[in-house]
Amino acid sequence: MEWHTLPEADAFAQLQSSPAGLAEDEAARRLEKLGPNELRQEKKISPLKLFLAQFRNFLILILIAATVFSFAIGEAVDGAVILVIVILNAVFGFVQEYRADKAIESLKKLTSPEAVVLRGGEMKKLPSRLLVPGDIVLLDEGSKIPADLRLLEAVNLKIDEASLTGESEPVTKKPGVLAKAELADRVNMAYTGTHVTYGRGRGVVVATAMETEIGKIAHLIQETEVEATPLQKRLAVFSRYLGYLILAISVIVIIGGFLRGHELFDMILTGVALAVAAIPEGLPAIVTITLALGLQRLSKEHALIRRLPAVETLGSTSVICSDKTGTLTKNEMTVRKAWIAGRLLDITGTGYATVGTFNYNGKALDRTFPGLAPLIRTATLCNNAVLAPSGMIGDPTEGALLVAAAKLGDLETFPRVEEVPFSSERKMMSTVHTVGGKRVLFAKGAPEVILSRCTKALADGKEIALDEKQRQTILAANQDLADQALRVLGFATREIAGPANETNLVFLGLIGMIDPARESVEGDIALCRQAGIRVVMITGDHRHTAVAIAKDIGLYRDGDDILTGEELDGLDEAAFQARVEKVAVYARVNPSHKARIVDALKKNRHVVAMTGDGVNDAPALKKADIGIAMGIKGTDVAKEASQMVLTDDNFSSIVSAVRTGRGIYDNINKFIRFLLSSNIAEVLTVFLALLLSAAGGEPLLPLLAVHLLWINLITDGLPALALGVDPGAKDIMTRKPRPLTEKLLSREAFVFILGVGAIITAGTLWVFWSELPNGLEKAQTMAFTTIVLFELFNVFNVRGLFLKGGLGLLSNKKLLLAVAVSFGLQLAVLEIPTLQALFSTTSLTSADWLKIVATSVTVLLWEPVVRIATGPPRRPAATGH
């Protein structure tokens, strides 16, 4: 159907709809018949394929070949044990990857777009996936077009169609009927995936899902890729080189063991098992899982991560640039004051409840009060918000004006014939209505902007010429209201004969409204300062309003600087870069200034988080290290440009996300230190045993191949994964932000890995050699159990159990359970006769256990001894800003 060629009436007839939209039951019927408004997704990898993928590892394939060979030469027991362990490893790997895939898959669903629609004449906000042909959709600046639409209304409407047509300039849209036209020339249509850059409009849905123009070329749609974080990339390279080293050691072990008289097959099996157990092939994967599980934790704290690297970057954030309205404040605008020709009125009531009165000198007023009716009429008509039965829909400031007007009675309505939309550059908006047969323009905006366009003012019902003294009086009234932390708007009107003319206006008055600060924000800012993070407020409000609020929440302190957008424009790059370090508040700024602020901070080597909600915020959100979009008031364009979306638009959620981000990185660091120190100990134990025996001793192995594989299964598995859900350390928000360029292994971590690895190796070999007089099987059992307990104790070692700021023993119940399960499995291998035969182990006495525990617990002494010898770790405390 060529919808652009049809008159509106014919389009409605074809769609069996009307300007009031579909009834709910009819919409539900169509949704059931046609399905959700979603593009068909690529076929996902099946769980079976994911499981089989666990066996693609080269070393695992060698083990499987060794298993087959074992069965072939009659060593069925050895073959069965190795096969079972390999399968258990695969199952564990599958469960981890499946959970990670599920968590990462949810990334694409986190910021499901919404649309404002008319259903049965009532305005509603719905998920875009529920739209059906025949729905009436309302469009506003920043809206992403949710389905293919035939436009019914367009007020200065411009749509960016670059994603569909490649056209770089936004297209001006107009309703009406067109002759046959190419896609790019259909100005009465709006297409899925494009977005509104200016103005507003409404249209009827003509196609959804795969029937849309973008659906027909769905293969060109770029799906959100799961981008590897810098840490993951460094880990992948590190793991590969470490793998090469361990493979080389494994080859030496095989050759050395064979030359010392061991069976070649046994040594091949031992060498391969050593490589499988010691190569951290699962390190990048388990980091991904920890990050993915971190996403779920962050989502519970109202922070939806759209790109995985943002989780890592959160812990390095050193500056948070936050919008004021709705983030630092509640976004519950309430009109408190009105100034009309020198008279200051008080307005009672809170929030969006239409209960309250206008008062002057303690007496309640009605519309007959001089100048009040024109002011309220302008506030009502120059307004795109709606007070619907389901609640206020639209901009909170405009909603507050409607609520104030409703306190004086029914809202006035006159036909709107034209609109000049608000923009952050113009700082005003105007609408033209037919009132009593005349065209009347109504305008609102920043008081100084509105006043600059006025030549007259209304006083006691009469228009008088504005002189300089009166202008200064109005500006002084504006400043007095701003000093009370009120957001102030100016209002004006005039009759016009032709198109909208925003000059020679008649000034009507000022309205001041307050958006109270969130209760928690003062404490959050103090916490950020303690964590070495500077908080900067960015607002379009008047300088005095901005400073009053910033002081109230503890953001602005003596010695801090404030810049307005005009002052910022007057600074060159060098001057601004030098001054940016002291600026706590930016007032009267445009979204275009945000990108410049980000640039200057990044040049000073800060890691910058920037909030935004509008279309024009997108460049700054992309430029920031972490762009944070608002989930409630944010436009679809801002959300797509961001790395993180706040579902509650609350500054506290940013601070919680930073704390959680630091904790996630800490946990990854613990896991790396645990895994590498344990794995190095396994390699050194086997390698040194052969090396020392080569110096004249009997060629004995302290650990068998099956032991190495078992250690890999029970210590690198559950306990290591449980580290990923460790709570944040007590001192996590007293540290300086971590540099993004921090090395994978710091000097401290490197010393820890080698030192702990050496303790585990020495302890295991000592137990092994001291038990040799009691027989090889007993000595191997003791060494096997000692290294398992060493590694289980090492889990608590990396958590700083005995250090100030470390985590208590009971702070992670999952870790305790994981250690208990691993110990139980080891106990089963030692005490169940069948498993004893399979693992070549023997039962242990109480004295044996005392010796093992006394030896393995020594690993916990590493951190306290190092701290005594070297002083506290180099973890710099944060400094206030």
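Student: What makes H28 and H29 count as being in contact?

Tutor: Contact means heavy atoms within 4.5 Å, and in this predicted model Thr-781, Phe-784 and Thr-785 are among the residues of H28 that meet residues of H29, including Leu-815, Leu-816 and Val-819. By class, this contact has 12 nonpolar, four polar and no charged residues. Local features need pLDDT of at least 70, and side-chain atom pairs count only at pLDDT 80 or more, whereas totals for chains, interfaces and linings use all residues. Residues are numbered from 1 along each chain as its sequence is written, and side-chain values use heavy atoms, without hydrogens and water.

Student: Why are H28 and H29 called roughly antiparallel?

Tutor: The axes of H28 (residues 776-797) and H29 (residues 813-831) come within 11 Å and cross at roughly 180°. Angles over 145 degrees count as roughly antiparallel, and H28 and H29 are therefore roughly antiparallel to each other.

Student: How do you know that the buried residues of H31 line one face of the helix?

Tutor: The residues of H31 (residues 846-856) that are buried (under 20% relative accessible area, 1.4 Å probe, protein chains only) are Asp-848, Trp-849, Ile-852, Thr-855 and Ser-856. Seen down the axis of H31, they fall within an arc of 135°, so they line one face. The face turned away from this buried side carries Ser-846, Ala-847 and Leu-850, which are exposed (over 50%).

Student: What covers the buried residues of H31?

Tutor: The covering elements include H27 (747-771), H28 and H29.

How values were computed:
Axes are lines fitted to C-alpha atoms, for helices over the stretch in contact, and angles run from 0 to 180 degrees between N-to-C directions. Helices (H or I, at least four residues) and strands (E, at least two) are DSSP runs, numbered from the N terminus. Angles under 35 degrees count as roughly parallel, over 145 as roughly antiparallel, 65 to 115 as roughly perpendicular and the rest as oblique. Ala, Val, Leu, Ile, Met, Phe, Trp, Tyr, Cys and Pro count as nonpolar, Asp, Glu, Lys and Arg as charged, and the others, Gly among them, as polar. The arc is that of the directions from the helix axis to the C-beta atoms.
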